[in-house]
Amino acid sequence: MVWTGTWVAERLGVELIGDEELPALLGLALRRNPKRAHLLVSSVLGKHVPQRPSVVYGSGLRLGRRVRELLGDEAAARSVVLGYAETATALGHAVADGLGLAPYLHSTRRPVDGVARAGGFEESHSHATSHLLLPEDPKLLGGDGPLVLVDDEFSTGNTVLNTIRALHERYPRRRYVVVALVDMRSAADLGRLDAFATEMGARVDLIAGAAGTVRLPDGVLEKGQALVAEHEGPGLARDAAPAPRAPREAPVRVELGWPTELPDGGRHGFTTGHRERLEAALPAMAAAIAGALPARVTPERPADPAAPPAGHRPRVLVLGFEELMYAPLRLGTALEDAGHDVRYSTTTRSPVLAVDDPGYAIRTRLVFPAHDDPADGPGERYAYNVAGAGFDAVVLVVDSAADTPALHAPDGLLAQLAAHIPRVVLAVVPSYAPTVRVTEVTEAPERSSMLPEPLRGPAFSSYAPEEVGWLLQDLSDVELEAPTEEREEAIQSGGAHYAESLPVEYQPSERYQELFHAALESSAARIARAVGTVTETVLAERSARPVLVSLARAGTPVGVLMRRWAKARHGLDLPHYAVSIVRGRGIDANALRWLAAHHDPADVVFVDGWTGKGAITRELAEAIKEFEGFDPEIAVLADPGSCVRTYGTREDFLIPSACLNSTVSGLISRTVLRSDLVGPDDFHGAKFYRELAEADVSEAFLDAVAARFDEVAATVDTDVKELLAADRTPTWEGWAAVERISEEYGIHDVNLVKPGVGETTRVLLRRVPWKILAKRGADADLAHVRLLAEQRGVPVEEVDELPYSCVGLIHPQYTRGATGADGKAVVSQ
């Protein structure tokens with residue numbers, strides 16, 4: 001029998017050392033993760049490797065019985081079992097069943113409206129780290145009995161320490177028990193648990209099914225990443241499975257008869273009473289499923305030496321869904337008890353390399369879109385070792401929240417399964433909704449380091465929820481606006497930073513609105529061409545499935561348009577988020593932590609509208625140095641300053657989204673960073689101007705540009721081919737021009753020189769302008785600039801030698817007594 005870790009071990013020099021049964025329990029695989037390249041793949045967990053349900057369930061039951069022996073019945077009856085999402089939800093359930101006397105709760109990454117968090121914690125090495133605790137009864141975690149924490153693998157101990165520390169602050173107790181299938185701590189980590197227990201003043205015991213360690217040679221992370229890149233290219237392969245066959249029959253839905261008000265799992269708590277009700281109902285539910293399975297398999301089968309002969313009992317896979325592991329596991333054990341040949345595994349969020357080799361743990365991979373409307377936005381999901389495994393039937397078990405059109409779509413999971421397995425049966429478990437909705441938990445203050453999920457429209461912004469997730473906090477109820485003149489004086493005097501307040505939202509006149517719509521009509525095709533060019537460049541050079549992260553707010557309409565282009569031209573459903581970056585203070589570090597927790601940083605592409613002199617380009621490069629894996633290069637629609645390599649054009653032309661403020665950016669304000677509003681664990685803030693809905697043209701702008709995609713497609717293909725072959729090294733000529741202008745006009749501060757159409761517009765809308773420099777002959781792109789200058793009494797000076805269409809000069813050393821070049825006070829209108 002070949003050990004399923006051989007392929008990785010031979011190529012990376014990884015060694016598995018410990019109990020002799022470890023090779024039978026664990027294989028090795030590789031993943032695209034900047035924190036840990038290798039993945040220990042359990043053969044008894046039922047996540048990545050299909051296994052007999054009795055083996056999976058029995059592994060947890062035995063651990064639970066050992067916990068009961070350790071604690072004794074009295075302490076066991078006062079204990080609570082906590083499992084980790086998503087991998088250990090069924091394992092924790094099984095441990096609770098083996099213990100027999102305790103309620104069970106598992107963490108979740110699915111927030112539930114109306115149910116408050118009773119805590120949260122971070123899992124440092126995971127693909128997705130943020131865990132929520134959402135018990136229906138907030139007192140579930142409040143007792144003083146032992147807390148039993150269950151995970152599949154105990155490696156560094158960081159996850160357990162984070163959990164205990166977060167919960168101990170809120171619900172202190174004297175005893176904890178850590179349970180894992182395998183204890184894989186290194187020698188350096190072995191003493192941490194005892195030292196931590198002493199620090200906390202509590203007892204911490206550890207129970208594991210087997211023990212050992214993984215010996216990693218120097219440079220294994222880089223070697224692993226290179227090996228993944230070698231086998232999958234710049235992005236994850238779309239599929240890694242045998243060639244699909246034409247589906248022979250449509251998926252069949254079976255009604256389970258799930259007991260009313262019985263929780264589907266431990267997301268909100270699962271008591272011993274719930275367990276008794278489930279046990280009583282399992283035989284009938286298994287019989288309902290069995291009725292949809294073939295009695296015996298007799299059709300002609302493909303030539304496959306591993307396939308069972310004709311006339312055999314059908315080989316059935318019960319496939320669970322992410323955190324929904326326990327219900328499908330118990331349905332699988334009931335089918336097995338009834339005499340069926342059953343294996344069990346579940347889908348997952350975690351991207352892992354698939355290699356069809358007997359010495360590798362992940363032989364095949366099915367890739368499909370998320371189908372439960374996840375809070376962190378759309379993304380890929382995976383089913384491993386399902387295709388090509390000789391299954392005659394698959395029973396897919398999902399909860400009702402995941403029974404969506406995406407599940408039934410042509411590229412959805414059901415279609416993927418039907419293309420590889422002759423019979424597909426769908427069983428839907430009702431998603432449990434707590435009857436007692438908790439609005440506030442008052443036992444102790446919340447000090448969790450949990451970061452919230454992104455804000456989405458229509459609750460925050462007028463964009464559709466799938467268009468963008470805002471990694472911001474909503475400050476809509478806070479009074480932040482100040483008159484432009486007061487803000488300018490405070491900023492230039494050093495009394496305030498520009499990000500500590502907001503300008504009063506400019507309300508365009510009828511004449512100005514007419515100019516906007518005229519500009520949009522005349523430039524939509526030009527913008528569409530730039531959108532297509534920058535998007536295709538990103539797909540060709542940066543990632544095959546990039547995660548778009550726009551710099552709020554000017555970059556956000558561009559990010560939405562890039563997402564629309566990728567969808568229209570390639571069928572890609574790209575994640576898109578908006579984050580805050582503040583000149584002089586850097587990017588939102590918590591937003592980067594959230595991104596690193598939910599996506600591979602190597603796939604993140606930062607997006608902005610345009611470059612001026614390149615200040616934000618430099619700011620970003622400096623800000624992300626402390627974060628591993630992120631590429632600092634920004635992709636922009638227009639790069640007139642020659643500051644980046646990835647752009648749609650280097651011409652300085654009018655982008656109509658620069659003409660307005662929130663009303664062309666989803667009704668979201670510029671971002672805010674103020675110490676009394678934004679704490680160390682908070683995202684930067686912004687406001688949603690719901691009251692400006694009647695003036696909102698955000699969707700109109702997007703639709704007008706997207707309508708030109710087909711028209712410019714051929715031109716984009718030519719542009720991209722030429723760009724990819726060209727030398728696009730930034731020359732920073734824009735920065736040099738700004739320095740020259742700053743000195744020539746006696747300003748002596750490059751921050752007060754704003755080059756380009758977009759930046760000049762911002763000066764006129766938000767700051768106190770001194771004068772506008774306009775390139776002679778650039779009238780076509782400057783009509784709105786001239787109108788704004790006229791409205792504010794700001795002179796426009798024609799200039800011959802200018803690398804931009806225009807440059808806005810902020811009044812140097814501004815006070816409210818300062819005057820413009822015409823000798824009159826410059827005021828907002």
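**Exercise 1. In which helix does Thr-533 lie, and what surrounds this residue?**

*Solution.* Before we begin, note that this is a predicted model, in which local features need pLDDT of at least 70, side-chain atom pairs count only at pLDDT 80 or more, and totals for chains, interfaces and linings use all residues. Residues are numbered from 1 along each chain as its sequence is written, and side-chain values use heavy atoms, leaving out hydrogens and water.

Step 1: Find the element. Thr-533 lies in helix 14 (residues 510-541). Helices (H or I, at least four residues) and strands (E, at least two) are DSSP runs, numbered from the N terminus.

Step 2: Check the burial. Buried means under 20% relative accessible area, exposed over 50%, and partly exposed in between (1.4 Å probe, protein chains only). Thr-533 has 1% relative accessibility, so it counts as buried.

Step 3: List the neighbours. Leaving aside residues up to four places away in sequence, Thr-533 touches Tyr-647, Gly-648, Val-716, Asp-719, Val-720 and Leu-723; contact means heavy atoms within 4.5 Å.

Step 4: Look along the helix. The Thr-533 side chain reaches the backbone oxygen of Arg-529 at 2.8 Å. This is a polar contact in the following sense: a pair of N or O atoms within 3.5 Å, where within protein one must be able to donate a hydrogen and the other to accept it, and residues adjacent in sequence count only if both atoms are side-chain atoms.

**Exercise 2. Work out the length, the bend and the surroundings of helix 9.**

*Solution.* Step 1: Compare spans. The expected span of a helix is 1.5 Å times one less than its number of residues. For the 19 residues of helix 9 (residues 272-290) that gives 27 Å, and the end C-alpha atoms are 27 Å apart, which agrees.

Step 2: Look for a bend. Helix 9 bends by about 40 degrees at Leu-282, and Pro-283 follows within four residues. The bend at a residue is the angle between axes fitted to the seven residues ending there and the seven starting there.

Step 3: Pick out the buried residues. They are His-274, Arg-275, Leu-278, Ala-281, Leu-282, Met-285, Ala-286 and Ile-289. A general rule helps in reading such a list: an α-helix has 3.6 residues a turn, so residues three or four places apart point the same way.

Step 4: Name the cover. Helix 5 (89-99), strand 11 (252-254), helix 10 (326-337) and strand 16 (393-399) are included in what covers these buried residues.

**Exercise 3. What is the strand order of the five-strand open sheet, and which strands are at its edges?**

*Solution.* Step 1: Read the order. The five strands run 11-17-16-12-13, with parallel pairing. Two strands pair if DSSP finds at least two bridges between them.

Step 2: Find the edges. Strand 11 and strand 13 (341-347) each pair on one side only.

Step 3: Add the twist. From one strand to the next, it averages 25 degrees.

Step 4: Zoom in on one pair. Strand 12 (residues 315-321) and strand 13 run parallel and are joined by seven bridges. Leu-319 has Ser-345 of strand 13 as its bridge partner.

**Exercise 4. Describe the four-strand open sheet and the helices that pack on it.**

*Solution.* Step 1: Give the order. It is 30-33-31-32, and the pairing is mixed.

Step 2: Find the edges. Strand 30 (753-755) and strand 32 (796-799) each have a single partner strand, so one side of each is left without a neighbour in the sheet.

Step 3: Follow one pairing. Strand 30 and strand 33 (residues 806-810) run antiparallel, joined by three bridges. Within strand 33, Leu-809 stands opposite Val-753.

Step 4: Place the helices. Helix 20 (residues 733-744) lies across strand 30, strand 31 (769-775) and strand 33, at about 140 degrees to strand 30. Helix 22 (residues 783-792) touches strand 31 and strand 32, and its direction makes about 150 degrees with that of strand 31. Axes here are lines fitted to C-alpha atoms, for helices over the stretch in contact, and angles run from 0 to 180 degrees between N-to-C directions.

**Exercise 5. Is strand 2 enclosed or open, and how does strand 2 pair with strand 3?**

*Solution.* Step 1: Count. Five of the five residues of strand 2 (residues 26-30) are buried, so strand 2 is largely enclosed by the rest of the structure.

Step 2: Sort by direction. Leu-26, Leu-28 and Leu-30 point one way, and Gly-27 and Ala-29 the other way.

Step 3: Find the partner. Strand 2 pairs with strand 3 (residues 38-42) in the antiparallel sense over five bridges, and Leu-30 stands opposite His-38.
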